[in-house]
Structures are given as C-alpha cells and as structure tokens.
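Subject: Handing over a structure

Dear colleague,

I am passing on to you the structure shown just below, and after it I set out what was found. Please keep it open while you read, so that you can look up each place by its number.

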Amino acid sequence: MQSTGDTRGHWGSRLGFILAAAGSAVGLGNIWKFPYITGQHGGAAFILIYLALVFTVGIGVMLAELAIGRMSQRNPVGAFARLKGGWWVAVGYFGVAAAFLILPFYSVVGGWTIAYTVKTLTGALSVTDPTALAATFTAFAGDALEPIAWHGIFMALTVTVVLGGIGAGIERTCRILFPALLLILLALVVRALTLPGAEKGLAFYLTPDFSQIGTEMVGAALSQVFFSLGLGMGAMITYGSYLGTRDNLASAGCWVTLLDTAVALLAGLAVLPAVFAFGMNPGEGPGLSFITLPAVFARMPGGMVFGMMFFLLLVIAALTSALSLLEVVVAYLVDEWGIKRRTAAIGSGAIMFAIGVPASLSFGPLANATLFGKTVFGLLDYISVNLLLPTGGILIALFVGWVVWPRAATELTPPGRLQPRWVTAWRWLCAVVAPVVIGWILVKGL
Ligand code: TRP
C-alpha cells in the first residue's frame, strides 16, 4: 500500500482507519480492566466520572493527537520536529519510550489470554471453586517458563501483523477482528443478562453511590481514560499520520471515542451481572477475569463455550491494541532512521519481548525484587500509565491549543463543516481544561 511520491503507507479507506483506531483503543483496558476497576470503585458512580472525563479531556486529546499526526504526516518524534522543533520534540521521544514500557507488560497479559483460551478448551479451567482457580492462576502466572512462552507467541503475532504495513497488515487485520470482537461481546452480554439473578449485578452497575467519589477514584478514572483510549504517547498521532487530507478528522475521532466507550460499558454488562448471578465478589481486582470468571463459566450452562468466547475476545482486543503500540516505534525508526519496516518491527519486538521477561517473572521468581514497593511489572505499569501518559496528554493538548492553534483548527475540519462553537469548545479543552484537569489530578496523585 504505497501511494505515489511518498513511501509512507496510507489507510485504504475511512472505515478501515476507524476500525484500526478503534482496535487500538479497545483492548485489555476495556475488557479486563474496566469491569474490575468499576467493581472496586463501587459501580455506577465510577462510570459517571469516567464518562465525564472521556467526553471532555479524552475527546479533546484524541482530536489533538489526530490533528498533529495528519498535519505532520510523521511519527510522534518527527511530528513535533516538523511542526515546531526545539524542546517539543521531547514529547515525541517520551511517546516512543512509553511504548517500550507498555508493550512488554501488555504482551505478558496478552500471553495469559491466549493461554487461558487454550486452557478453557482443554477443560483445565472447568472448576467451580474460586480458591482452586486462584491457585491455578498464581501457579501459571508465576511459572518461570510457560507464561513467557505465551508472551513470546503474543509478541510474534503482533510483529507479524505490523510487518505487513498499514493497509495490508494493520488495517486488514482490524477489518476482520474488530467486527468479530463486537459480535462475541454482544453474545456474552445477552448470556450474562439472561442468567437468573443478573438483576443484582445490573443494579450495582447502574445505581450510583456518590459517597464513593474521591480523589483516588477520580485519578483512577483519568488513568483509565488515557489507557483505554490509547492517548498520551502518540499512538493516535501515528495512526493520524497515515490519513489523507480529505478525511473528516472530527467525526472519525468521535467514532473511535464512542466505540471505545461503548465496548467498555458493554464489557461491564457482560461481566458484572454474571459475577453477581453466581454470588461472587465484583471487587476482586485484576483476578476478576482470570479467577472469578472461570468459576462463573464453570457454573453456567454452556459455560465452556462462553468461557472460550470470553478469552478469545480478550485475545482479539489485546492484539489489535498491541499493533498500535508497536507501530509507534516502527514508524519512528522507519521515518527518522530510514530503517526497513521489517527490521524495525522484528528488532523492536525482540527488545520488547526481552523487557517483558522480568515483567512476567514478577509474578514468580522476581516477586520480591521490588523498587518503591513495586515489582518490575508494577513499575512499568505505574510509570507509563500514571505518569508518562497523563504528562504526554497535557503537553499534546497545550501544543494544539497554543503552539499550532489556527492551523490545527482547519486541520480538524474544513471551514464550515463543523459549527464554529464546537471548534471554540475544542480550543478551550486543549488550551485550558485538559491541562488543568490532568495537571491537578497528577499532582494530587503523587
Ligand atoms: N487502549 C488499549 C487498551 O485499552 C491499550 C493501548 C493501545 C494503549 N495503544 C495505546 C495505551 C497507547 C496507551 C497508549 O487496552
């Protein structure tokens, strides 16, 4: 997929771009994390805060990244260098560095999801006792070999798709996998809601308990918004850079945000009612998908099929997201260093695999190797998700709101296509609201 006069790839169509970008956004963050964070923070009140942040800060930064990418037609480093230069280029380098922190631990969990799909099929998880399943999970994740092999398989799949390039690799894969993801998710929602006793879960999910709202919860919601939409490190700058000049960025960005939010809400609807229907604890935390849910599936009629569908859903979601994380690095190496896509993808994939090894061992042999009370896995997650992404988000918003402003506005939408007050609202979001809100939460959280 190469256009004349330019060796960079391009998306084949607007729908292809939306599916690829939605594939990046919809990931483990939506299906693994969102239900358990909602469970831990008391349900509906958390969802309201989350939604409020998505439709202000989230959408503002999403459109900012897309505009920067399309304007510059470059990876994050090259984008800031072309548009302004100077210290701003550091924002791009932070983004590339963040990919090296996020993808390794993401791929470890991605490996778990492939392993659990297989284990469901072999009947190894057909156990109704959560304590036994917890032991199974701890033994599996803490093993020095098995999860690392699955992590390698996950990473190899990611590299294989990215090797194929933008149109023939990423876009084609997401065109097939994203619709499949939606179908599987809908089937799981219907199954969960038709279980006897699902109402209790529904009530928990939909009745807000405002006493739960506090700084910690708002901070968790904001980190979740960045992680879930895949913002703050230039993934959307990179994807936006493969867009042609005719596409309407504002509507594409809104579609991606809406799809991501819808999938997170549906995942909660697939998971929480089922957990309640079998009298289990929704506040289980990260083990909700890997410990509580297998017990739920083991008790439900047709549970093996639904269990396999659930883990396959996680595999698809994780893979289409991992593509964007790797593509940020590959785009940088290809644009800035003239390295071949193939070499760039395999080389950076291998390094990320290596960084993932100690992250995986954090659940076993390296469980006690901690810094500031965090394991390697915990540190990678904390530094990238709680520090780098929000900081990147502030700088990206300020850049659009102040540094490239009038041009960014025409980039977002051809004059007259969008009512001027929406364009003004977006400027306020970028120039003032997003930096202040993110900055305040960052400082509070430290
Ligand atoms: N959004 C994905 C998820 O919800 C993860 C992800 C993909 C991501 N690309 C990203 C997170 C870029 C941060 C930055 O699982």
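Please bear in mind throughout that this is a predicted model.

I begin with the enclosed spaces. There are two cavities of 30 Å³ or more in the structure, and the largest of them has a volume of about 160 Å³. Its lining is made by 19 residues, and those nearest the centre of this largest cavity are Ser24, Tyr106, Phe227, Gly230 and Leu325. Two or more lining residues come from each of α1 (14-25), α2 (28-40), α5 (89-121), α10 (215-229) and α14 (303-337). As to the character of the lining of the largest cavity, eleven of the residues are nonpolar and eight are polar, while no charged residue is found there.

The second largest cavity holds about 70 Å³ of space. Its lining consists of Leu188, Arg191, Ala192, Ala270, Val271, Ala274, Leu293, Phe297, Met300 and Phe310, and at least two of these residues are supplied by each of α8 (166-193), α12 (249-277) and α13 (287-299). In this second lining nine residues are nonpolar, none is polar and one is charged.

Next comes the largest pocket, which contains about 960 Å³ of space. It is lined by 38 residues, of which Lys33, Tyr36, Asp381, Tyr382 and Asn386 are the closest to its centre. Which helix gives the most to the lining of this pocket? It is α16, with eight residues, and among the other helices that each supply at least two are α2, α5, α6 and α18 (420-445). The lining of the largest pocket divides into 21 nonpolar, twelve polar and five charged residues.

The packing of the interior can be described in a similar way. The largest nonpolar core has 162 residues, and among those with the most contacts inside it are Trp11, Phe17, Ile68, Tyr106, Phe310, Val400 and Trp426. The largest share of this core comes from α14, which gives 21 residues. If you would like one residue to follow by eye, Val400 touches Ala64, Ile68, Trp405, Ala408, Trp426 and Cys430, when residues up to four places away in sequence are not counted.

A single helix, α6, allows a small check. This helix runs over residues 130-142, and because its 13 residues should span 18 Å at 1.5 Å a residue, the separation of 18 Å between its end C-alpha atoms agrees with what is expected. Within α6, the residues Leu133, Phe137, Phe140, Ala141 and Gly142 are buried, and the buried residues of this helix pack against α5, α7 (146-163), α13 and α15 (341-361).

Finally, two loop residues deserve a look. Phe210 lies in the loop between α9 (198-206) and α10, and, leaving aside neighbours within four places in sequence, Phe210 is in contact with Ala45 and Leu48. Although Phe210 and Leu48 are 162 residues apart along the chain, their C-alpha atoms are separated by 9.8 Å.

The other residue, Pro301, is placed in the loop between α13 and α14. Is Pro301 buried or exposed? Its relative accessible area is 56%, and since exposed means over 50%, Pro301 is exposed. With neighbours within four places again left aside, Pro301 is in contact with Arg191 and Phe306. Pro301 and Gln419, which are 118 residues apart in sequence, lie 52 Å apart in space from C-alpha to C-alpha.

With kind regards

Conventions
Residues are numbered from 1 along each chain as its sequence is written. This is a predicted model: local features need pLDDT of at least 70, side-chain atom pairs count only at pLDDT 80 or more; totals for chains, interfaces and linings use all residues. Side-chain values use heavy atoms; hydrogens and water are left out. On a 1 Å grid over the protein atoms alone, a cavity is a set of points where a 1.4 Å probe fits but cannot get out, and a pocket is an open set with protein on both sides within 12 Å along at least five of seven lines; lining residues have an atom within 4 Å of a point. Grid points are joined across faces, edges and corners, and a volume is the space filled by probe spheres set on the points. Helices (H or I, at least four residues) and strands (E, at least two) are DSSP runs, numbered from the N terminus. Ala, Val, Leu, Ile, Met, Phe, Trp, Tyr, Cys and Pro count as nonpolar, Asp, Glu, Lys and Arg as charged, and the others, Gly among them, as polar. A nonpolar core is a set of buried Ala, Val, Leu, Ile, Met, Phe, Trp, Tyr and Cys residues joined through side-chain atoms within 4.5 Å. Buried means under 20% relative accessible area, exposed over 50%, partly exposed in between (1.4 Å probe, protein chains only). Contact means heavy atoms within 4.5 Å. The expected span of a helix is 1.5 Å times one less than its number of residues.
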